[in-house]
Amino acid sequence: LTMFGTKMESNIVAVFDACGFSSATGRWKVSFRVNFVEVAVNQDTARRARDLVIQQLERCWGGVQHESWAAALEPITRLPVVVQGDA
């Protein structure tokens, strides 16, 4: 709703879980993909939507008392992805 307004409030969303051990980084990861079935967007809009989700998760995560395993979670550092046309 933040990005598309009330015209998209009944949008169908598919969420795919990809959590598990990452052999590429040698760590456990929490990962998921959210697909808005009825919305087609360009790459810039998808990036903004991703940033909004991350901001909301960070706000919610910060207010929760974590169990010891959750408090030890660290982000996986990744190199920025360069998309053709970006410079």
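At 40% relative accessibility, Phe 36 counts as partly exposed in this predicted model, because that value falls between the 20% limit for buried residues and the 50% limit for exposed ones. Phe 36 is located in strand S4, and it belongs to a nonpolar surface patch that also contains Val 13, Val 15, Phe 32, Val 34, Val 53 and Leu 57, the members having together about 580 Å² of accessible area. Three elements, namely strand S1 (13-17), strand S4 (32-36) and helix H1, each supply at least two residues of this patch, and among these contributors S4 gives the most, with three residues.

Helix H1, which spans residues 43-62, also carries Arg 50, a residue that counts as exposed at 53% relative accessibility. The C-alpha atoms of Arg 50 and Arg 33 lie 9.8 Å apart in space, while the two residues are separated by 17 residues in sequence.

With regard to aromatic contacts, a search of the whole structure returns one aromatic pair. This pair is formed by Phe 21 and Trp 28, whose ring centres are 5.5 Å apart and whose planes meet at 70°, so the arrangement is edge-to-face, given that angles over 60 degrees are assigned to that class. The two partners are assigned to separate accessibility classes, in that Phe 21 counts as partly exposed at 48% relative accessibility, whereas Trp 28, with a relative accessible area of 67%, is exposed.

Definitions and conventions:
Residues numbered from 1 in each chain as written. Predicted model: local features only at pLDDT ≥ 70, side-chain atom pairs only at ≥ 80, totals over all residues. Heavy atoms only, no water. Helix = DSSP H or I, 4+ residues; strand = E, 2+ residues; numbered from the N terminus. Buried < 20%, exposed > 50% of the residue type's maximum accessible area, 1.4 Å probe, protein only. Phe/Tyr/Trp six-rings, centres within 6.5 Å; stacked < 30°, edge-to-face > 60°. Patch = residues over 30% accessible without salt bridge, like charges linked within 9 Å, V, L, I, M, F, W, Y side chains within 5 Å. Areas by Shrake-Rupley, 256 points an atom, 1.4 Å probe, with all protein chains shown as cover. Salt bridge = Lys/Arg side-chain N within 4 Å of Asp/Glu carboxyl O.
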